[in-house]
Amino acid sequence: MAGIGEDYAMEDGSVEKVKSSAKVRKGRGFGDKDRDYEKLQYESIDSSEGPGPMRSIEGWILFVTGVNEEAQEDELMDKFAEYGEVKNMHVNLDRRTGFLKGYTLVEYETYREAQQAINALNGAEFLGQMLKVDWAFIKHPKTGVGRRLSSGLR
C-alpha cells in the first residue's frame, strides 16, 4: 500500500518542495498587523500614563446627564450641533412612559468639538434642568501590578 504523498510524487521532488515551503496559519487574520484585534489601542489626548479623556474607536463620546424627560432628540441635536458636527446621538427612552431616561450619549468626530461642547454646556440650563456634560471614556491612572483595592474585599 502506498503512502498518501506517494501517489502524486514526482521524480524531481517538486511535491516535497511545495510541502516544505507551506506555512501553517492559525487564528484570526493570519497575523495581519493592521487587524490585530487583541492589541487594539485607544487614542488618548495625553500620551503620558496619567488620566485623561479617551477616544472610542469611532469618535469622542460625551455622557450627558440631567436631561429633561420631555426633551426631544431634535432639540438635543440642535443644542449640541452648535459646537460641531454631531456624528451620533444615542437617546434612551423609558419603555413604560416613552420619555427620556435623563441621560444621552453624544459623539463628535474631533476632540476640539467635544471639548467645546463640554466647556459650554456643562452646568448650562436646558428645558428647566441643569445639564452635566463629561467624557464617556477616561483613562485611569495605572496602579501597581497585583495591587488590590483597599475596600476590604478579598
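# Notebook: sheet, helices and aromatic rings

I started from one cross-strand position: Leu 62 stands opposite Trp 135 in β7. The model I am reading is a predicted one.

**Entry 1. The strands around that position.** I looked up how β2 and β7 are joined. Strand β2 covers residues 60–65, and its pairing with β7 is antiparallel, over four bridges. I then asked which strands make up the sheet and in what order. There are four of them, in the order β3-β4-β2-β7, and they form an open sheet with antiparallel pairing. Why is one side of β3 and of β7 left without a neighbour in the sheet? Both stand at the edges, β3 at 86–93 and β7 at 132–135, and each has a single partner strand, so one side stays unpaired. From one strand to the next I noted an average twist of 20°.

**Entry 2. The other pairings.** I went through the remaining joins in the sheet. β2 and β4 run antiparallel and are joined by six bridges. Within that part of the sheet I noted Trp 60 opposite Tyr 108 in β4. β3 and β4 also run antiparallel, with six bridges between them. Here Asn 88 stands opposite Glu 107 in β4. I checked the hairpin of β3 and β4 as well: six residues lie between the strands, and Gly 98 takes a positive phi near 85°.

**Entry 3. Helices on the sheet.** I looked for the helices that lie across these strands. Helix α2, residues 73–81, lies across β2, β3, β4 (100–108) and β7, and runs at about 145° to β3. Helix α3, residues 111–121, lies across β2, β4 and β7, and its angle to β7 is about 150°. While on α2 I looked up Ala 81, which is found in that helix. Is Ala 81 buried or partly exposed? Its relative accessibility is 41%, so I put it down as partly exposed. I also noted its distance to Val 106: the two are 25 residues apart in sequence and 10.0 Å apart in space, C-alpha to C-alpha.

**Entry 4. Aromatic pairs.** I went back to Trp 135 and looked at the rings. The structure holds four aromatic pairs. For Trp 60 and Trp 135 I noted ring centres 5.7 Å apart and planes at 65°; the cut-off for edge-to-face is over 60 degrees, so this pair is edge-to-face. Trp 60 lies in strand β2 and Trp 135 in strand β7, so the pair ties together parts 75 residues apart in sequence. Both Trp 60 and Trp 135 are buried.

The rings of Tyr 111 and Trp 135 have their centres 5.4 Å apart and their planes at 5°, so I entered this pair as stacked. Tyr 111 is in helix α3 and Trp 135 in strand β7, 24 residues apart, and the pair links distant parts of the chain. I compared the accessibility entries of the two residues. Tyr 111 has a relative accessible area of 26% and is partly exposed. Trp 135 has 12% relative accessibility, so it counts as buried. Trp 60, Tyr 111 and Trp 135 form one aromatic cluster.

**Entry 5. The nonpolar core.** I asked how many residues the largest nonpolar core has. It has 22 residues, and those with the most contacts inside it are Leu 62, Leu 76, Phe 80, Tyr 108 and Val 133. Two or more residues come from each of β2, α2, β3, β4, α3 and β7. The largest share is that of α3, with four residues. I picked Val 133 for a closer look. Leaving aside residues up to four places away in sequence, Val 133 touches Leu 62, Phe 63, Val 64, Phe 80, Ile 118, Leu 121 and Asn 122.

**Entry 6. The chain as a whole.** Last, I took down the totals. The chain has three helices and eight strands, and along the sequence they follow the pattern α-β-β-α-β-β-α-β-β-β-β. Of the 154 residues in the chain, 25% are buried. Among contacts with a separation of 6 or more, 62% are between residues 24 or more positions apart. The accessible surface of the chain comes to about 12200 Å², and 50% of that belongs to carbon and sulfur atoms.

Technical notes:
Residues are numbered from 1 along each chain as its sequence is written. This is a predicted model: local features need pLDDT of at least 70, side-chain atom pairs count only at pLDDT 80 or more; totals for chains, interfaces and linings use all residues. Side-chain values use heavy atoms; hydrogens and water are left out. Two strands pair if DSSP finds at least two bridges between them. Axes are lines fitted to C-alpha atoms, for helices over the stretch in contact, and angles run from 0 to 180 degrees between N-to-C directions. Contact means heavy atoms within 4.5 Å. Rings of Phe, Tyr and Trp (its six-membered ring) pair if their centres lie within 6.5 Å; planes under 30 degrees apart count as stacked, over 60 as edge-to-face and the rest as tilted. Buried means under 20% relative accessible area, exposed over 50%, partly exposed in between (1.4 Å probe, protein chains only). Accessible areas come from the Shrake-Rupley method with a 1.4 Å probe; for residues, only the protein chains shown count as cover. A nonpolar core is a set of buried Ala, Val, Leu, Ile, Met, Phe, Trp, Tyr and Cys residues joined through side-chain atoms within 4.5 Å.
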